[in-house]
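Open the model in your viewer and keep the sequence panel beside it. This tour names what to select at each stop and says what is there.

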Amino acid sequence: MLQFPTPFASTTHNNTTSTSCDDVNARNSQLPVDQESGFMVTSSLLETARILLQKKRQALAPCSGGILLQSNCEDVAVTMRQMAEQVGFSCMTTPQSKKEDTNVTSLALPQRTRNWIVVGGQRAIGPG
């Protein structure tokens, strides 16, 4: 389970979102700069998890084991999913209980998510 890892930095400049910034004072300096520099979820970590789960499946049962990725930052969730799929994981699909609100101006969405949507970031909604 990879649950709520410290998100990589996201800063807003001129109505665009970037994962790195030349001005270190414009972002939280305790966050990893981006998904390649200090973010705890790496392709190597996910590949190791996939190999270990594959060995478990061979020893126990063909359908045992899996990995759960969770984040309260939509861009981080999407990034982790893409990384996991790149190393060979596939997503389980679940029926949606309700239609998701994709309205960018929804006040219920955190500012980071609203910024992500405005720049066209992939949403973490729908099947999978």
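Start by selecting Cys91. With a relative accessible area of 33%, Cys91 is partly exposed, because the value lies between the 20% and 50% cut-offs. Keep in mind throughout that this is a predicted model.

Now select Cys73. Is Cys73 buried or exposed? Cys73 is buried, because its relative accessible area is 12% and buried means under 20%. A disulfide is a covalent bond between the sulfur atoms of two cysteines. How many disulfides does the count give here? The count comes to zero, taking a pair of cysteine sulfur atoms within 2.5 Å as the rule.

Next, colour the model by secondary structure. The protein has three helices and four strands. Follow the chain along the sequence and the pattern reads β-β-β-α-β-α-α.

Show the surface. About 8500 Å² of the protein is exposed, and carbon and sulfur atoms supply 51% of that area. Of the 128 residues in the protein, 30% are buried.

Hide the surface and select Phe39, Val41, Leu46, Val76, Met80 and Phe89. These belong to the largest nonpolar core, which has 13 residues, and they touch the most other members. Add helix H1 (43-59) and helix H2 (74-86) to the selection: each supplies at least two residues of this core. Which helix gives the most to the core? That is H2, with four residues.

Stay with the core and centre on Val76. Setting aside neighbours within four places in sequence, Val76 is in contact with Pro5, Pro7, Phe8, Phe39, Ser71 and Arg112.

Then select Met83, which is in helix H2. Met83 is buried, because its relative accessible area is 10% and the cut-off for buried is under 20%. Which residues does Met83 touch, leaving aside its neighbours within four places in sequence? The contacts are Val41, Thr42, Ser43 and Leu46. Of these, Val41 and Leu46 are also among the core residues selected earlier.

Add Glu47 and display the C-alpha atoms. Met83 and Glu47 are 36 residues apart in sequence, and their C-alpha atoms are 9.5 Å apart in space.

Finish by zooming out to the whole chain. Taking contacts between residues at least 6 apart in sequence, 62% join residues at least 24 apart. The pair Met83 and Leu46 is one of the contacts to look at again on the way out.

Terms used
Residues are numbered from 1 along each chain as its sequence is written. This is a predicted model: local features need pLDDT of at least 70, side-chain atom pairs count only at pLDDT 80 or more; totals for chains, interfaces and linings use all residues. Side-chain values use heavy atoms; hydrogens and water are left out. Buried means under 20% relative accessible area, exposed over 50%, partly exposed in between (1.4 Å probe, protein chains only). Contact means heavy atoms within 4.5 Å. Accessible areas come from the Shrake-Rupley method with a 1.4 Å probe; for residues, only the protein chains shown count as cover. A nonpolar core is a set of buried Ala, Val, Leu, Ile, Met, Phe, Trp, Tyr and Cys residues joined through side-chain atoms within 4.5 Å.
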